Structure formats: C-alpha cells, structure tokens
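Hello,

Here is the structure you asked about, with my notes below it. Please have it open while you read.

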Amino acid sequence: MASVADQLDKVLQKTARLIELCHALQEENDLLKLENQSLKVAVDTSKAQRTDLEEKLRVTKLAKSIEGTSEKSLDIKQKINDFVREIDKSIALLKK
C-alpha cells in the first residue's frame, strides 16, 4: 500500500498538471476571442462594401435608364423650366 506521502505527491502532480492545462486552455480561449473579433470586423467590412456596391449598382441602373431616354429627359427638363417660368410670373403678379 502506498504511503500517505506518495499519495500526496501524486495529488500535487495531478494538481500541477490541471493548472498547466487550465493555463493552456485560457490562452487558447484568448486566441479564439481575438480571432472571433477579427472575423466580426471582417464581416462588418464586407457588409459595408456590399451596401456600397448595391448603392453603386442602383445609381448605375438609374443612370442607364435615364441615358436611354435622353430625348425624354430633355423634354422633361423643358417642361420643368416652363413650370418654373409660370410660377415666377404668378409670383410677380401676386406681388403687384
């Protein structure tokens, strides 16, 4: 039968081993937390880039739709100018 001193020595060795494992796991946990944070930043950056690209695509589609109707846009601009002139005339009459 093992002596009390031997048993105590085994307990101390196992405790030391558990402490080493605990430290190793804490270091691994810290590294995983850092990796997780960097991945979150990468995801946020990707989302922002996606939003920017979607906005650029929307603007491009809008520009192409206007580009195809250059005659219509000139007509629309002319009508707007006519409306502005009429409004200016009405304002001038109201001031008199």
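Arg85 and Asp82 form a salt bridge, with the closest N and O atoms 2.8 Å apart. Keep in mind that this is a predicted model. Both residues belong to helix α2, which covers residues 70-95. They sit 3 residues apart, about one turn of the helix. How accessible are the two partners? Arg85 is partly exposed, at a relative accessible area of 45%. Asp82 is partly exposed as well, at 30%.

The count of salt bridges comes to 4. Two others are worth a look, and helix α1 holds them.

Take Arg50 and Glu54. Their side chains meet in a salt bridge, 3.2 Å from N to O. The spacing along helix α1 is 4 residues, so about one helical turn separates the pair. Arg50 has a relative accessible area of 55%; that is over 50%, so Arg50 counts as exposed. Glu54 has 40%, which makes Glu54 partly exposed.

Now go to Arg17 and Glu20. This salt bridge has its closest N and O atoms 3.6 Å apart. Here the partners are 3 residues apart in helix α1, again about one turn. Arg17 is partly exposed, at 46% relative accessibility. Glu20 is partly exposed too, at 48%.

Next, the overall build. The protein chain has 2 helices and 0 strands. Helix α1 runs over residues 4-67, and helix α2 over residues 70-95.

How much of the chain is buried? Of its 96 residues, 1% count as buried. The chain exposes about 9300 Å². Carbon and sulfur atoms supply 62% of that area.

One surface feature to find on screen is a nonpolar patch. Leu8, Val11 and Leu12 make it, and it covers about 290 Å². Leu12 is found in helix α1. Is Leu12 buried or exposed? Leu12 is exposed, because its relative accessible area is 53% and the cut-off for exposed is over 50%.

Last, the database record. An unreviewed UniProt entry carries the annotation "coiled-coil region" for residues 22-56. What does the model show over that span? Residues 22-56 are 100% helix and 0% strand. The C-alpha atoms at the two ends of the span lie 51 Å apart. The label itself comes from the UniProt record.

If you have only a few minutes, start with three places. Look at Arg85 with Asp82 in helix α2. Then look at Arg50 with Glu54 in helix α1. Finish at the patch made by Leu8, Val11 and Leu12.

Best wishes

Definitions and conventions:
Residues numbered from 1 in each chain as written. Predicted model: local features only at pLDDT ≥ 70, side-chain atom pairs only at ≥ 80, totals over all residues. Heavy atoms only, no water. Patch = residues over 30% accessible without salt bridge, like charges linked within 9 Å, V, L, I, M, F, W, Y side chains within 5 Å. Areas by Shrake-Rupley, 256 points an atom, 1.4 Å probe, with all protein chains shown as cover. Buried < 20%, exposed > 50% of the residue type's maximum accessible area, 1.4 Å probe, protein only. UniProt positions renumbered as here; feature names shortened; annotations may be inferred.
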